[in-house]
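Hi,

Here is the structure I promised to pass on. Have a look at it first, and then read on for what turned up.

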Amino acid sequence: MRALVPADSLVYLETNDLAAALQPIVDSKPFLDVATSKPDFSALKGVQLAVAVTGFETSEEKLTDEHSIGRIQPHFVAVADTHAWNFQAVGFAEKKLGSFVANIYDGEPTLERADKNGGKYFTWSSKDGRKAYALVIDSIIYFANDSTAIEKCLAVKRGETDSIAKAGKVAASAPETLASGYVGPDGIAQIASLIGLKFASEIGEESEVQSAIAGIVPQLIRNCVTDVSWRSTRSEKGIEDEYTIGMPAEVARVFSETMMVGDRSQSAYANEIVAQLPASTSVATRYNLKDPRVSWRSALLVAQKNTDPLAAKVISAFSGLLFEPYGIKDPDLFLSSFNDKSIPQSNIVTAKVDPQTEGSAVVAFVADTQIARKALSPELRPPKVLNEDGLNVWSTEDGEIQAAFYYQLLKIASKDDLPKLNASQHAELTEIRTDQLRQLATSDAPIVTVGRDLTSAKQIVELFSVATRDDIVGIEKYFTETRFTKTGIDRRTTSDLGLIGSIIAQLNDN
């Protein structure tokens, strides 16, 4: 299939059996919890599919006179070899793709048919002006939201331009692979710009700060990431998505030497920290680093070296903003309070305790509580007396951020979330509230994240036109381990719906 798409594709995904790639999603617990039945993928069995993103289009939608939101529209083409008779491929395109387009457009589009480019050409138009296109030649179906993307594939077919296969960018897939993908340097560059715009829009309303972020983030990503490869497989625990993030040799070397995993023998500390989290925790990340301050300093150094001098100064000045939601004023000083002989570990857990709020929490053992207190925001003040649980709770004047000390255990959260961070101070692994949180405590990766998604399962069910049980929430669970190597970053995520499920859910993200 990679011989059918252009070499300059920014993002490339493929599967040798579309039904096999989709089946684990509809077999998953969150899907079955929400759906009243399973869709039938028998018509997709053996269908080979390649998807190429050929460009991105950004637009702005005004909400009010003062506020607007940015929208990003990828231009893509999907090329499917149905291995069927031409009349069957034409019927599939007209009926199945037509139904899919109607679902996406939330209404019946108008359809135009024509004989074009040696095949049957379809154009669907929605009432709001959006268009989708399909071309069927023999057993091959080209489907796109941009007609020029199909033209680029036809140029490959005519031999006028190279395919991504000839460019040698995509490695061969193992037999057990459900799907795989690749993002090359050009794709990284464009995606970096989009990420910069997204971060800028979320950082606040000050135009100068937004402009700085929009300029710095793309530089950083382009200079620190060379390419990304992805592979999806099925396992007993769910769908496994493996990401290999390539980096320049010097960047990879620094991270592999400074993002080393901490002492694995100190699991009791990890158990006690993770045991503070309630079972309803939305997402949590555990950092098990040998020396957190060295890791933080190396990240800043890499960022400063891979941006221009002005951006490097901005990074130095504003890097502390990442710690502000946790009430930490001086990140370097705070991280220096770890790694002491009295507590030979450096486990730090950050979490979003309540999925309905924006509050962030942090739980950790600190070796030097005096240093940790000095690193906190000056707005956090100590209490006159300990609370009824014996906790020394520091608080801002409005109580929105609170820091609780119990000997060397530190918990920082909002006034609503802090009471939820309450467990035995000497917890065993069995006292951790869920299997997912136990995974968080026992992983040997330097960075590990667990989380729950409450919306994707229903969005996928609706897109597949399957009736839903409105009284039940399909909860997708995911578990991600991140490791640093001499060539870059290896990241593995095990989840119920996988990356493919996430992409499908976003198609129905209204």
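Let me begin with the contacts (heavy atoms within 4.5 Å). Among those in the chain between residues at least 6 apart in sequence, 65% join residues at least 24 apart.

Before the rest, a word on the ground rules. This is a predicted model, with pLDDT of at least 70 needed for local features and 80 or more for side-chain atom pairs, while totals for chains, interfaces and linings use all residues. Numbering runs from 1 along each chain as its sequence is written, and side-chain values use heavy atoms, with hydrogens and water left out.

**Overall shape**

The radius of gyration, taken over C-alpha atoms, is 25 Å; this agrees with the value near 24 Å for a compact globule of 510 residues, the rule being 2.2 Å times the number of residues to the power 0.38. Along the principal axes, the C-alpha trace spans about 80 × 55 × 50 Å. DSSP runs (H or I of at least four residues for helices, E of at least two for strands, numbered from the N terminus) give 15 helices and 19 strands.

**Surface and charge**

The accessible surface (Shrake-Rupley, 1.4 Å probe) comes to about 25800 Å², and 52% of that belongs to carbon and sulfur atoms. Buried residues (under 20% relative accessible area, with a 1.4 Å probe and protein chains only) make up 49% of the 510. The chain carries 52 positive and 68 negative side chains, counting Lys and Arg as positive and Asp and Glu as negative, without His or the chain ends. The centres of the two sets lie 3 Å apart, with each charge placed at NZ of Lys, CZ of Arg, CG of Asp or CD of Glu.

**Helix α14**

You may like this one: α14 (residues 456-463) is largely enclosed by the rest of the structure, because 6 of its 8 residues are buried. These are Ser-456, Ala-457, Gln-459, Ile-460, Val-461 and Leu-463. Their cover includes α1 (18-27), α2 (29-34), α3 (86-105) and α15 (498-507), along with strands β17 (447-453) and β18 (476-484). After α14 comes Ser-465, with a positive phi near 60 degrees.

**Single residues**

Thr-350 sits in strand β12 (residues 347-352) and is buried at 14% relative accessibility. Leaving aside residues up to four places away in sequence, Thr-350 touches Val-283, Ala-284, Thr-285, Tyr-287, Tyr-326, Ala-361 and Val-362.

Cys-153 is buried at 1% relative accessibility, and Cys-224 is buried at 8%. With a disulfide taken as a pair of cysteine sulfur atoms within 2.5 Å, the count is 0.

Best wishes

Note on methods. Buried means under 20% relative accessible area, exposed over 50%, partly exposed in between (1.4 Å probe, protein chains only).
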